[in-house]
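Open the model in your viewer and keep the sequence panel visible. The stops below say what to select and what is there.

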Amino acid sequence: MIRVLIADDQEMVRVGFRMILESQEDMSVVADVANGLDAVSRARELRPDVCLVDIRMPGMDGLAVTKTLAGPDVVDPLKVVVVTTFDLDEYVHTALANGASGFLLKDAGPALLMEAVRAAARGDALVSPQITVRLLRHFAAPTPTGANPLTERETDVVRATARGLTNTEIGQELYLSLSTVKTHLAAVQGKIGARNRVEIAAWAWRTGLMTD
């Protein structure tokens, strides 16, 4: 069972997210709070598997909450998915730098919300497809770093990942099974020192792999 905490200053949003998540057999909402300070205290108390955090909240904004719960200096970090109305590159970049395991727009829809929660719970990361490629292009100016350490197939998988495709879509495009896609991504993570698919995609843009 994936235990989720919801933090959003709009009650309607919290109620909606709770209904969506609790309709799933593998998810339960352990708390919902209306501000950032309560989000931090309840998250530390309950240790949920995933925290869904809005950006603009009273007390402490979602970016600060993310850094407090999941930042690089946190000894035992929690998984945080930032969910917001605001499609701003600087928000996405800051959220991911602060340790977020995903970034979704509130209009992304129930399916993507549930996929993001499951991805975060298993240690992966998901960013709304409509902002992934634009974000990575903007923040990862190509700086070639020598020979590509990946096999040809791993390179194909990484390029598809950097375009914002899901594992299922990558499998369909490259005629690979889902397990094979996951195996390739795991191998890539080991070779380049990436923690999740977002870092893999950022690496692809940064090293010029997407402009070859």
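**First stop: a strand pair**

Select I6 and look across to D32 in β2, which stands opposite I6. This is a predicted model. Widen the selection to β1 (residues 2-7) and β2 (residues 27-33): the two strands pair in the parallel sense over 6 bridges. Now add helix α1 (residues 11-22), through which the chain crosses from β1 to β2 in a right-handed β-α-β crossover.

**Second stop: the whole chain**

Zoom out and colour by secondary structure to see 10 helices and 6 strands in the protein chain. Of its 212 residues, 49% are buried. Colour the surface next: about 10100 Å² is exposed, and carbon and sulfur atoms supply 53% of that area.

**Third stop: two cores**

Select C51, L69 and F103. In the largest nonpolar core, which has 28 residues, these three touch the most other members. Elements that each supply at least two residues of this core include β3 (50-53), α3 (62-70) and β5 (102-105). Then select I2, I6, F17 and L126, which are among the 21 residues of a second, separate core.

**Fourth stop: salt bridges**

The whole structure holds 11 salt bridges. Start with K106 and D8, whose closest N and O atoms are 2.8 Å apart. K106 is in the loop between β5 and α5 (110-121), D8 is in the loop between β1 and α1, and the two are 98 residues apart. Which of the two is buried? D8 is, with a relative accessible area of 2%, while K106 is partly exposed at 23%.

Move to R118 and D26, where the side chains meet in a salt bridge at 2.8 Å, N to O. R118 lies in helix α5 and D26 in the loop between α1 and β2, so this pair ties together parts 92 residues apart in sequence. R118 has a relative accessible area of 27% and is partly exposed; D26, at 29%, also counts as partly exposed.

Add R14, R18, E22 and D32, which salt bridges with shared partners join into one network. Within it, R18 and E22 form a salt bridge with closest N and O atoms 3.3 Å apart. They are 4 residues apart in helix α1, so about one helical turn separates them.

**Last stop: H184**

Select H184 in helix α9 (residues 178-192). Is H184 buried or exposed? At 16% relative accessibility, H184 counts as buried. Leaving aside residues up to four places away in sequence, H184 touches R153, E154, V157 and L176.

How values were computed:
Residues are numbered from 1 along each chain as its sequence is written. This is a predicted model: local features need pLDDT of at least 70, side-chain atom pairs count only at pLDDT 80 or more; totals for chains, interfaces and linings use all residues. Side-chain values use heavy atoms; hydrogens and water are left out. Buried means under 20% relative accessible area, exposed over 50%, partly exposed in between (1.4 Å probe, protein chains only). Accessible areas come from the Shrake-Rupley method with a 1.4 Å probe; for residues, only the protein chains shown count as cover. Two strands pair if DSSP finds at least two bridges between them. A crossover is right-handed if, with the strands pointing away from the viewer, the path from the first strand over the helix to the second runs clockwise. Contact means heavy atoms within 4.5 Å. A nonpolar core is a set of buried Ala, Val, Leu, Ile, Met, Phe, Trp, Tyr and Cys residues joined through side-chain atoms within 4.5 Å. A salt bridge is a side-chain nitrogen of Lys or Arg within 4 Å of a carboxyl oxygen of Asp or Glu.
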